[in-house]
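Work through these exercises with the sequence and the 3D view side by side. Try each task before you read its solution.

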Amino acid sequence: MTDYYFRRERAADSVAVERLFDIGFGTERHRRGVYRLRGRGGQERAVSQVAVAGSTVVASLRFWPITLAGYQRVLLLGPLSVASAWRHRGLGAALVQSSLELVDAGGYQAVVVSGEPNFYARFGFTPGTPLGLTLPMPIEPERVMIRTSLPLPPLPLGAARRATHRPSRRQPSARGPKIKARAR
Ligand SMILES: CC(C)(COP(=O)(O)OP(=O)(O)OC[C@H]1O[C@@H](n2cnc3c(N)ncnc32)[C@H](O)[C@@H]1OP(=O)(O)O)[C@@H](O)C(=O)NCCC(=O)NCCS
């Protein structure tokens with residue numbers, strides 16, 4: 001059993017994080033449709049986290065500001081990538097859970113994801129397609145999911161779009177919280 005902890009991603013982590021995403025999604029990943037929702041201004045640093053074991057970044061989860069009519073402060077979740085040697089120990093799920101706690105504490109109203117329904121349902125994501133939620137790229141309808149702290153507005157939800165504003169740089173502390181976790 002090995003300890004790891006979660007903390008906010010720092011600028012110095014970017015090489016390690018990009019390597020994790022290369023491994024998880026391939027070096028051509030920027031061509032994927034979901035990147036149309038990830039603005040050039042950068043990820044939402046207040047809630048994007050890495051998992052660190054020793055001094056090595058072993059997992060990463062980023063969020064991006066998007067817009068959705070009827071909601072304020074909406075995020076797109078992803079990419080999520082766990083280093084191969086660390087998979088199947090609960091790390092990916094624990095990183096999502098920990099990051100969503102930051103999202104909730106930060107007052108964001110909704111999170112949208114394009115992902116595996118079986119994985120994301122456990123965190124409170126529900127199917128978005130039946131609610132009228134659309135994403136600006138071809139995608140299997142069952143992969144469109146949303147998690148919100150608010151009552152759902154009258155249907156349909158409509159189109160999620162890339163945010164044009166710059167993401168929040170606000171961080172509660174210079175280094176962010178260190179959240180202890182333990183591998184299964
Ligand atoms: C997907 C990924 C993040 C899972 O990380 P992990 O640390 O192995 O996940 P966990 O150990 O926390 O597993 C959590 C659950 O997700 C399931 N799961 C693992 N990989 C999965 C995948 N690719 N798709 C769907 N579910 C998956 C596990 O079976 C487990 O379910 P259980 O709790 O019912 O047994 C990891 O395999 C990875 O980085 N893959 C490459 C990148 C990728 O595909 N990311 C997409 C995320 S939608």
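**Exercise 1. Trace the first strands.**
Task: How do strands β1 and β2 pair, and over how many bridges?

Solution.
- Find β1 at residues 3-8 and β2 at residues 49-53. This is a predicted model.
- The two strands pair in the antiparallel sense, over four bridges.
- Check one position: Tyr5 stands opposite Val52 in β2.
- Now move on to β3, residues 56-67. β2 and β3 run antiparallel and are joined by five bridges.
- Ala53 has Thr56 in β3 as its bridge partner.
- Look at the turn of this hairpin. Two residues lie between the strands, and Gly54 takes a positive phi near 65°.

**Exercise 2. Read the whole chain.**
Task: How many helices and strands does the protein chain have, and in what pattern do elements follow along the sequence?

Solution.
- Count the elements: there are three helices and 11 strands.
- Read them in order: β-α-β-β-β-α-β-α-β-β-β-β-β-β.
- Next, take burial. Of the 184 residues, 36% count as buried.
- Then take contacts between residues at least 6 apart in sequence. Of these, 74% join residues at least 24 apart.

**Exercise 3. Compare helices with their expected spans.**
Task: What spans do α1 and α2 reach from first C-alpha to last?

Solution.
- α1 has 12 residues and reaches 16 Å, close to the 16 Å expected at 1.5 Å a residue.
- Just after α1, Gly26 takes a positive phi of about 90°.
- α2 covers residues 91-105, which makes 15 residues. Its reach is 21 Å, close to the expected 21 Å.
- Just after α2, Gly107 takes a positive phi of about 80°.
- List the buried residues of α2: Leu91, Leu95, Val96, Ser98, Ser99, Leu100, Leu102 and Val103.

**Exercise 4. Covered strand, open loop.**
Task: Is Ala85 buried or exposed, and how many residues of β5 are buried?

Solution.
- Locate Ala85 in the loop between β4 and α2.
- Count its neighbours: 8 C-beta atoms lie inside 10 Å. The cut-off for exposed is 12 or fewer, so Ala85 counts as exposed.
- Val58 is 27 residues away along the chain, and its C-alpha is 8.7 Å from that of Ala85.
- Turn to β5, residues 110-114: five of its five residues are buried.
- Ala110, Val112 and Ser114 point one way, Val111 and Val113 the other.
- β4 and β5 run parallel, joined by four bridges. Leu76 has Val112 in β5 as its bridge partner.

**Exercise 5. Map the ligand shell.**
Task: Which residues around the ligand come nearest?

Solution.
- Of the 16 residues around the ligand, Gly24, Arg87, Gly92, Ala93 and Gly115 come nearest.
- The elements giving two or more residues to this shell are α1 (14-25), β4 (74-82), α2 and α3 (117-120).
- Sort the shell by type: six nonpolar, seven polar and three charged.

**Exercise 6. Judge the confidence.**
Task: Which element has the lowest mean pLDDT, and which the highest?

Solution.
- Begin with the chain: its average pLDDT is 88, and 86% of the residues score at least 70.
- Among the elements, β11 (residues 179-182) has the lowest mean, 52, and β2 the highest, 98.
- Over residues 171-177, pLDDT stays under 50. The model has eight contacts beyond four places in sequence for this stretch.
- Where pLDDT is low, predicted coordinates should not be read in detail.

Methods
Residues numbered from 1 in each chain as written. Predicted model: local features only at pLDDT ≥ 70, side-chain atom pairs only at ≥ 80, totals over all residues. Expected span 1.5 Å × (residues − 1). Buried ≥ 20, exposed ≤ 12 C-beta atoms within 10 Å, placed from the backbone. Near = placed C-beta within 6 Å. Nonpolar A, V, L, I, M, F, W, Y, C, P; charged D, E, K, R; others polar. Contact = placed C-beta atoms within 7 Å. Pairing = 2+ DSSP bridges. pLDDT = per-residue confidence, 0-100.
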